[in-house]
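Could you walk me through this structure in my viewer, one selection at a time? I would like to know what to click on next and what I will find there.

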Amino acid sequence: MSNSKVRVRFAPSPTGGLHLGGVRTVLFNYLFAKKHGGDFVLRIEDTDQNRYVDGAEKYILDCLKWCGLTPDESPEVGGHYAPYRQSERKAIYREYAERLVAQGHAYYAFDTTEELEQKRKEIPNFQYGQVYRDGLNNSLALTTGEVEHLLDKGVPHVIRIKMPTDESVHFNDMIRGHVSFETNLVDDKVLLKADGMPTYHLAVVVDDYLMKITHAFRGEEWLPSAPIHLLLWRYLGWEANMPEWAHLPLILKPDGHGKLSKRDGARLGFPVYAMNWLDPKTQELTPGFRELGFLPEAFLNLLAMLGWNDGTDKEIFTLDELIDSFSIERVSKAGAKFDFEKAKWYNAEWIKKLQATSLEPQVKHELEIRGVEVTDDAYLVKVIEAVKDRCVLLADFRQQAGYFFEIPAEYDLPSVQPKWTDAKTDFFNELILKLSSAEVWEPVQLEVIFKYLVEEKGLKIGDVMLPFRIMLVGGKFGPHVFDIAALLGKEETVERIGVALEVFTA
RNA sequence: GGCCCGUUCGUCUAGGGGUUAGGACGUUAGAUUUUCAUUCUAGAAACAGGGGUUCGAUUCCCCUACGGGCUACCA
């Protein structure tokens with residue numbers, strides 16, 4: 001290991017969407033890099049043109065932007081090791097693939113997809129490797145002349161790694177410790193495809209080397225192919241520069257088992273993507289955490305705690321605190337089932353924790369897309385302050401704060417009408433007069449006026465408190481009534497009582 | 001099937017040869033709040049099984065079981 005600056009990378013394939021596991025991988029990479037004053041590199045694995053989806057790359061960038069995990073180098077901002085898109089680096093990979101062939105660590109294979117499919121059908125546990133490669137259509141089995149002839153003719157071919165015989169490959173994983181594999185059991189993976197594009201195996205090694213990546217953190221699903229990558233680093237002569245590895249545990253479905261997947265969202269009723277993803281081909285919308293009303297701080301926080309903790313009971317972390325206390329060794333080995341209830345709890349905690357002023361722009365947006373117009377930002381801040389402790393998602397502000405901006409469209413009549421009396425009508429009519437002439441408009445004074453009138457009319461306070469609340473907000477929720485009335489202002493409060501009175505007594 | 005990885009309350013996890021096995025979410029019961037929530041208090045709830053090693057194992061080792069991943073010219 002050279003002792004150069006820490007550099008980590010995330011290499012998503014732009015096939016649409018960015019799920020929880022992806023964001024968490026980014027997060028852990030980012031935390032590690034920042035903890036050590038290093039760089040976070042984003043490169044795009046658009047190796048397979050057939051699967052590239054328009055807009056997907058921008059979507060990934062936007063997700064990271066929302067989360068606040070800005071890459072130091074990316075296709076968007078560039079960097080010293082550009083280009084950062086695999087498709088723009090095509091020529092580079094061929095060179096190294098050919099080098100491996102020349103060294104005898106890789107070979108040309110001319111077998112067609114159909115031929116291989118046929119083999120798989122005929123032979124139960126067919127693997128392109130040790131056992132069968134000599135009988136197949138490749139430069140190991142063919143004579144030099146035959147191979148040259150095929151190459152000259154331009155017959156489509158791939159380049160495959162030649163797995164060595166009777167070797168065991170082992171390495172140290174920062175999370176799992178010592179891991180080892182027998183080369184005899186690993187097949188000869190394709191390195192360079194017939195269209196000249198690299199597979200992940202070649203690309204990840206070549207790019208990590210060229211971009212001077214020092215630490216490679218990825219999902220556990222990559223563990224089985226680690227020996228291929230290791231051998232590639234060795235054969236290319238770069239073993240001294242090989243990054244340190246860590247394979248992150250998977251995020252699992254909350255019910256049943258298996259990796260959390262895109263389809264689980266719709267099935268289980270919660271998002272699995274960071275932000276809404278609209279598939280340009282199918283027009284299918286996969287909902288995201290952002291649109292559901294999650295704060296980026298909460299989203300990051302809950303992801304970080306899925307498979308990691310700092311060893312204390314602390315659960316609420318800012319990004320800076322995460323950076324400060326992060327340690328890759330403390331990432332757990334076992335996969336974690338995603339728990340949406342806990343996810344919501346994190347969001348509620350963050351809404352409580354954040355100042356009303358910093359929540360204001362997001363709440364304003366939230367209200368506006370739900371048809372509530374906000375003209376006075378200072379007023380909104382006060383409203384947020386009053387109601388934020390009872391909101392779990394940003395979307396909850398629609399119900400919890402909406403009535404501060406518009407008269408209730410509906411009233412919870414079943415809670416008032418059955419017990420309505422003429423005495424109450426009289427009380428509220430009188431209240432309108434009393435409030436209209438109030439000189440000070442503060443919660444305490446309003447309460448005094450209200451209680452005095454209750455006594456004067458010989459009523460019980462419990463009889464009129466709830467109706468009063470429902471007049472102002474429409475239902476049985478919200479902060480203290482007098483706080484609401486104070487915020488609403490005299491004119492609005494009086495008007496609402498009048499309007500509601502008509503509805504109640506209709 | 002083969003290979004690899006894993007296994008502490010329902011879930012996320014702490015711990016680690018001798019602990020009343022700790023916390024959080026959820027849940028239950030109370031308190032507070034003349035609404036709803038917040039808040040507070042209390043409760044139920046876990047070391048997969050079997051063998052070793054050891055004075056002692058949930059902790060270390062082995063086996064089994066279970067779970068997961070990979071096994072494409074996808075990443």
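Start by selecting RNA strand B together with the 60 residues around it; those that come nearest are Ala194, His257, Ala334, Ile461 and Lys476. Keep in mind that you are looking at a predicted model. Colour this surface by residue type and you should get 23 nonpolar, 18 polar and 19 charged residues.

Which helix gives the most to the surface near RNA strand B? Select H18, residues 461-473: this helix supplies five residues. Other elements that each bring at least two residues to the surface include helix H4 (113-122), strand S6 (177-182), strand S13 (336-337) and helix H12 (340-353).

Next, move to strand S8 (residues 215-219), which runs parallel to S9 and pairs with it over five bridges. To find one place where they face each other, click glycine 219, which stands opposite leucine 248 in S9. Now add helix H7 (residues 226-235) to the selection: S8, H7 and S9 together form a right-handed β-α-β unit. S9 itself (residues 244-248) is mostly covered, with four of its five residues buried.

Last stop: the largest nonpolar core, which has 120 residues. Show Val23, Leu27, Cys63, Ala97, Leu202, Phe299 and Leu303, the ones with the most contacts inside this core. Helix H1 (residues 20-35) is the top contributor, giving nine residues to the core. Then zoom in on cysteine 63 and, leaving aside residues up to four places away in sequence, look for Leu18, Val23, Ala274 and Met275, which Cys63 touches.

Notes: Residues numbered from 1 in each chain as written. Chains lettered and ligands numbered in written order. Predicted model: local features only at pLDDT ≥ 70, side-chain atom pairs only at ≥ 80, totals over all residues. Core = buried A, V, L, I, M, F, W, Y, C linked by C-beta atoms within 7 Å. Buried ≥ 20, exposed ≤ 12 C-beta atoms within 10 Å, placed from the backbone. Contact = placed C-beta atoms within 7 Å. Pairing = 2+ DSSP bridges. Right-handed = clockwise from strand over helix to strand, strands pointing away. Near = placed C-beta within 6 Å. Nonpolar A, V, L, I, M, F, W, Y, C, P; charged D, E, K, R; others polar.
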